[in-house]
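Me: Could you go through this protein with me, one question at a time?

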Amino acid sequence: MVLSSGGDGVWGKNGYPELYNPNDPNDPETALGQYNLTIRTQEEMLEIVEDLVFLSDDLLRIDRVNVEPPYMRLDPIVDVALGEPLEVSGTTNREEGYTIVVTVKGPVKLALQTATVEKGTFKAAFETSSAVPGTYTVKADDGEGNNDTATVNILTALTPATMRLHKSWNFVSVPKKLAVGNNTFEQVFGLVNTSGHSSFFYDVKEGWTAVNSTEEVIPLRGYWVYSAETTLVNLTYDTYPLRTPPTRQLYKGWNAHWVL
């Protein structure tokens, strides 16, 4: 509550020269001394002050603030491949400009990073080229016992002969023809835990079409594949040296193809 004595320079409807005597709360020569202030709740003090200014030219401004313990909350962290930057972000109620310490520990310990609070958020990025694949624990700490932790996977770096499927639905394709014996949907994706989901491709005439396990994986055709967990799929390409690069026909309307 913010009070002003108004235009007459005195307090309350009875015009006391002083609002409050900090050395004697019951001082009868002050406006608030007319009330019993001992052990009052916030609500009761508000009622007293509102009564004090009633029928006077005193000005009262009421505002509220939320008082809560400091907190740190990490945002969900996306798995990254070895060599890709690991980006960490979060929210906090620490004041603007406060420094947050962020650490990443797992099979190896990455270099510590600090993040500055800006508008209730903080961000940090870690170089992963010196890491090894595995599960890491990310921790954000304000240095005063308030922290949050999360886990993230640093994955094996992809090669032209590997494909990574992330947890949930993936839209994938292959850039060129696969070798016979390693080119059907069962041979390529048979070890993927799909949790019973079918895989699909989009046909202009038929719409979304479920893939048969014996079908060949066609280069540049986009497939929707579900994976229950992050999975690495190995690809074996046809090595015939005179084979021309694959092409895909685009039809009128929507097409679901990859351009590499």
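Me: Which residues line the largest pocket, and how many of them are charged?
Reply: Keep in mind that this is a predicted model. The lining is made of M1, Q42, E43, M45, L46, I62, D63, R64 and V65. Sort them by type and you get five nonpolar and one polar, and the charged ones come to three.

Me: What volume does that pocket have?
Reply: We're still at the largest pocket, the one with M1 and Q42 among its lining residues. The space in there comes to about 280 Å³.

Me: And the second largest pocket: which residues are closest to its centre?
Reply: This second pocket has a volume of about 220 Å³. Its lining splits into six nonpolar, three polar and four charged residues. There are 13 lining residues, and the ones closest to the centre are Y202, D203, V204, R248 and Y251.

Me: Let's move to charges. How far apart are the closest N and O atoms of K177 and E216?
Reply: A search of the whole structure turns up seven salt bridges, and K177 with E216 is one of them. For a salt bridge, the nitrogen has to be within 4 Å of the carboxyl oxygen. Here the closest N and O atoms are apart by 3.0 Å.

Me: Where along the chain do those two sit, and how many residues apart are they?
Reply: K177 is in the loop between β12 and α2, while E216 is in the loop between β14 and β15. The pair links distant parts of the chain, and the separation is 39 residues.

Me: Is R94 buried or exposed?
Reply: R94 forms a salt bridge with E95, with the closest N and O atoms 3.8 Å apart. E95 has a relative accessible area of 45%, so it counts as partly exposed. For R94 the value is 11%, and buried means under 20%. So R94 is buried.

Me: What about D141 and K139: which of the two is buried?
Reply: Their side chains meet in a salt bridge, at 3.9 Å from N to O. K139 has 32% relative accessibility, so it counts as partly exposed. The other partner has a relative accessible area of 18%, so the buried one is D141.

Me: Now the rings. What is the angle between the planes of W169 and F200?
Reply: The structure holds seven aromatic pairs. W169 and F200 form one that is tilted, with 6.3 Å from centre to centre. Tilted pairs fall between the stacked cut-off of under 30 degrees and the edge-to-face one of over 60. The angle here is 45 degrees.

Me: Which strands do W169 and F200 belong to?
Reply: They're 31 residues apart, so this pair links distant parts of the chain. W169 is in strand β12, and F200 is in strand β13.

Me: F171 and W224 pair up too. How many residues apart in sequence are the parts they tie together?
Reply: F171 and W224 form a tilted pair, 5.1 Å centre to centre with 35 degrees between the planes. F171 lies in strand β12 and W224 in strand β15, so the pair ties together parts whose separation in sequence is 53 residues.

Me: Last one: which ring does the charged end of R221 sit over?
Reply: There's a cluster of F185, F189, F201 and Y223, linked by ring pairs. The charged end of R221 is 3.9 Å from the centre of one of those rings. That ring belongs to F201.

Note on methods. Residues numbered from 1 in each chain as written. Predicted model: local features only at pLDDT ≥ 70, side-chain atom pairs only at ≥ 80, totals over all residues. Heavy atoms only, no water. Buried < 20%, exposed > 50% of the residue type's maximum accessible area, 1.4 Å probe, protein only. Helix = DSSP H or I, 4+ residues; strand = E, 2+ residues; numbered from the N terminus. 1 Å grid on protein atoms, 1.4 Å probe; cavity = no way out; pocket = protein on both sides within 12 Å on 5 of 7 lines; lining within 4 Å. Points joined across faces, edges and corners; volume = space filled by probe spheres on them. Nonpolar A, V, L, I, M, F, W, Y, C, P; charged D, E, K, R; others polar. Phe/Tyr/Trp six-rings, centres within 6.5 Å; stacked < 30°, edge-to-face > 60°. Lys NZ or Arg CZ within 6 Å of the ring centre and 35° of its normal.
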